[in-house]
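Biologist: I would like a close look at a single part of this model, followed outward into whatever surrounds it. Please take the time to connect the pieces rather than list them.

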Amino acid sequence: MTELQSPLDHQRTSPPSSGVSGISICGVTKNFGSLSVLEDVSLEIEPGSFVALLGPSGCGKTTLLRIVAGLEHPSDGVIRIGNETVVDTAKRIDVPSNKRRLGMVFQSYALWPHMTVEQNIAYPLRKQGVPRSEWPARVASAIASVGLPALLDRRPSQLSGGQQQRVAIARAIAARPRVLLLDEPLSNLDASLRDQLRRELRMIHDREGITTILVTHDQEEAAMLADLVAVVRDGGIVQVGSPSDILDRPADQQVASFVGYGN
Ligand code: ADP
């Protein structure tokens, strides 16, 4: 039997910064042609919280995250980040992804191979219009957060998988996003590195206070990292609660099986 780990004591060491935003997802539906992938999904995410979208492969988690990111467009629904409506299908509002001030880290590291680590982290700052004089301090602080200050001059091909994923995290947080979106960011790493990076991700979250959404199919990862878990099944959210709520009071037998109680 797999068991959810006890949630860590998620104490924030500093209050969320003023740039941190909550997210409101209201009635989001997504069809790909005749395939219904999300059906009337709603979720409220508090500023500064760490939320896991947990569910088996193919249930629609990534699609929901991509809709929040602006990489996919819902068939119906409204999404607000802080006070800004970024999507409202009825009002034909759809703010482009690069204007949503989000940080994203995906399963594949997606670093630019021809750039050094420093250039990779600085690139979004340039795109954002951050003054060049601020880049060195922002890059140094982000790379220190992930523990890689000696590697600034390397290219991605000279880094291990774990180091590349740390650089991807540094690149996402250097831009001081309102929200950090993580799509199975650790699933390509071996088990011990994954465990270490989970702890680091949670520490970074507590330090920076950025509202974070993690997509994962791994219930241990959700329990270890998240304050709030939204269990996704067949294109809908079937339960929302703290990791211990979901472990102690699963909404139904399928959720119970998924989080580890077996049959
Ligand atoms: P998960 O992240 O939970 O594994 P996804 O959101 O990636 O699930 O996919 C949900 C469903 O939507 C799957 O059946 C997948 O094949 C389908 N899907 C995802 N993206 C597309 C697309 N661009 N076109 C058609 N079907 C898609």
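Which residues in helix 4 meet which residues in helix 5?

Modeller: Since this is a predicted model, what follows describes computed geometry. On the side of helix 4, the residues that take part are Gly-162, Gln-165, Ile-169 and Ile-173, and they meet Leu-193, Leu-197, Ile-204 and Glu-208 of helix 5. Sorted by class, this contact of helix 4 with helix 5 holds 5 nonpolar, 2 polar and 1 charged residues. The spacing along each helix can be read against a general rule: an α-helix has 3.6 residues a turn, so residues three or four places apart point the same way.

The geometry of the pair can be stated in a few terms. Helix 4 covers residues 161–174 and helix 5 covers residues 191–208, and the two pack at an angle of about 15° with their axes 12 Å apart. Because angles under 35 degrees count as roughly parallel, helix 4 is roughly parallel to helix 5. The crossing of helix 4 and helix 5 is right-handed.

Helix 4 also has a sheet beside it, and that sheet deserves a description of its own. It is an open sheet of 6 strands in the order 7-8-9-3-10-11, with mixed pairing. Strand 7 (102–105) and strand 11 (236–241) are at the edges, each with a single partner strand, so one side of each has no neighbour in the sheet. From one strand to the next, the twist averages 20°. Within this sheet, strand 3 (residues 50–54) and strand 9 (residues 211–216) run parallel and are joined by 5 bridges, and Ala-52 stands opposite Leu-214 in strand 9. Helix 4 packs on the sheet by touching strand 7 and strand 8 (179–183), and the direction of helix 4 makes about 175° with that of strand 7.

A further neighbour of helix 4 is helix 2, whose buried residues pack against helix 3 (135–145) as well as against helix 4. In helix 2, which spans residues 117–128, the buried residues are Val-117, Asn-120, Ile-121, Ala-122 and Leu-125. Of these, Ile-121, Ala-122 and Leu-125 are named again in the contact with helix 3, where together with Glu-118 they meet Trp-135, Arg-138, Val-139, Ala-142 and Ile-143. The residues of that contact divide into 7 nonpolar, no polar and 2 charged. The axes of helix 2 and helix 3 come within 10 Å and cross at roughly 120°, which means that helix 2 is oblique to helix 3. The crossing of helix 2 and helix 3 is right-handed. Just after helix 2, Gly-129 takes a positive phi of about 80°.

From Gly-129 one can step across to Ile-23, which is 106 residues apart from Gly-129 in sequence and 24 Å apart in space, C-alpha to C-alpha. Ile-23 belongs to strand 1 (residues 23–32), and Ile-23 counts as buried because 23 C-beta neighbours lie inside 10 Å. Leaving aside residues up to four places away in sequence, Ile-23 touches Ile-45, Val-68, Ile-81, Val-179 and Thr-211.

Strand 1 in turn belongs to an open sheet of 5 strands in the order 2-1-4-5-6, with antiparallel pairing. Its edge strands are strand 2 (35–45) and strand 6 (93–94), each of which pairs on one side only.

Notes: Residues are numbered from 1 along each chain as its sequence is written. This is a predicted model: local features need pLDDT of at least 70, side-chain atom pairs count only at pLDDT 80 or more; totals for chains, interfaces and linings use all residues. Axes are lines fitted to C-alpha atoms, for helices over the stretch in contact, and angles run from 0 to 180 degrees between N-to-C directions. Helices (H or I, at least four residues) and strands (E, at least two) are DSSP runs, numbered from the N terminus. Angles under 35 degrees count as roughly parallel, over 145 as roughly antiparallel, 65 to 115 as roughly perpendicular and the rest as oblique. A crossing is left-handed if the near helix is turned anticlockwise from the far one by less than a right angle, and right-handed if clockwise. Two residues are in contact if their C-beta atoms, placed from the backbone, lie within 7 Å. Ala, Val, Leu, Ile, Met, Phe, Trp, Tyr, Cys and Pro count as nonpolar, Asp, Glu, Lys and Arg as charged, and the others, Gly among them, as polar. A residue is buried if 20 or more other C-beta atoms lie within 10 Å of its own, exposed if 12 or fewer, and partly exposed in between; C-beta atoms are placed from the backbone. Two strands pair if DSSP finds at least two bridges between them.
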